[in-house]
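Student: I have a new model open and would like to learn how to read its packing. Can you walk me through it?

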Amino acid sequence: MTGRPGPAVLPSWLRVWLGLIACLAAPVVLVLGVGYADESEPREWDMRIFAAVDGVGPPWRHVAVVTDFLGEPAGAVLLVAAVVTGCLLLRHPRAAVFVVTGAGLTVGTTTLLKPVVGRTIHGDNLSYPSGHTAFLTAMALMVSLLAAGRLGLGRVAGTALVFAAGLVAGATMGWAQVALGSHYATDTLGGWCTALAVLPVTAWLVDRTADRLTDRWAGLPAHPPDQWTAGRPSDRPSDRPSDRPSDRPPGRRADAGRQQGR
């Protein structure tokens with residue numbers, strides 16, 4: 001048998017949709033990166049959005065600060081650890097690997113793109129794409145994918161849950177970053193699209209790797225075949241020639257008797 005170590009992290013009914021979204025999101029990341037490369041000032045669209053959300057007071061500013069913390073190193077580690085622990089408690093190791101890999105690749109991609117694009121905010125702080133927005137979007141997509149599979153949601157309900165989770169998480173973190181003045185609005189859009197481009201590929205790779213490892217281990221024989229031990233002396237008593245007189249051929253027993261009588 002070649003069963004899976006837990007269900008797939010990317011349901012078959014979502015592969016086409018998420019694959020299409022990834023193909024659309026990746027060019028957006030590249031186009032925005034090229035368009036805003038080496039800039040240090042916001043453009044008109046960034047200015048309008050910043051004017052709309054700037055100056056938020058309590059309690060919304062507290063919400064923005066807490067949301068921002070989820071994308072900071074300490075908050076991100078705590079969030080990933082909590083989700084991974086839940087996956088392990090539910091005996092879904094493939095999901096735990098998916099969460100760690102997805103978060104790592106998403107944040108790693110934004111980290112690599114920032115010095116390449118070279119867009120800055122508040123002096124020399126690299127801003128495009130937003131790592132905070134990419135991370136929270138990725139976590140929301142992964143948790144919603146796992147929840148859809150765990151709850152057995154159908155095609156329509158599961159797809160709606162995944163898309164809504166990604167949209168809400170990206171919009172919430174994007175709003176927090178602009179409200180706190182940490183990023184331009186286009187930075188957050190780039191971070192959101194980065195997560196949409198990276199997560200489907202990550203899910204596919206995790207499923208494919210896990211399936212291959214499962215098939216490989218399932219194909220190994222439970223006991224070594226006989227040819228593996230060919231040519232080796234056997235340790236079984238039935239395979240060793242016996243020296244007992246009763247086990248010798250009749251002719252040899254007679255000869256042994258005559259030799260003893262001499």
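Tutor: Start with the nonpolar core, a set of buried Ala, Val, Leu, Ile, Met, Phe, Trp, Tyr and Cys residues joined through side-chain atoms within 4.5 Å. Buried means under 20% relative accessible area, exposed over 50%, and partly exposed in between (1.4 Å probe, protein chains only). Here the largest core has 37 residues, and Phe-98, Val-99 and Met-139 touch the most other members. The elements giving two or more residues to this core are α1 (12-35), α4 (73-89), α5 (93-117), α6 (131-151) and α8 (185-218). The largest share, eight residues, comes from α6. Helices here are DSSP runs (H or I, at least four residues), numbered from the N terminus.

Student: Anything I should know about the model itself?

Tutor: It is predicted: local features need pLDDT of at least 70, side-chain atom pairs count only at pLDDT 80 or more, and totals for chains, interfaces and linings use all residues. Residues are numbered from 1 along each chain as its sequence is written, and side-chain values use heavy atoms, leaving out hydrogens and water.

Student: How many aromatic pairs are there?

Tutor: Rings of Phe, Tyr and Trp (its six-membered ring) pair if their centres lie within 6.5 Å; planes under 30 degrees apart are stacked, over 60 edge-to-face, the rest tilted. That gives one pair. Trp-60 and Trp-175 sit edge-to-face, 6.4 Å centre to centre with 90° between the planes. Trp-60 lies in helix α3 and Trp-175 in helix α7 (residues 155-179), so the pair ties together parts 115 residues apart in sequence.

Student: Is Trp-60 buried or exposed?

Tutor: Trp-60 is exposed, at 55% relative accessible area, while Trp-175 is partly exposed at 23%.
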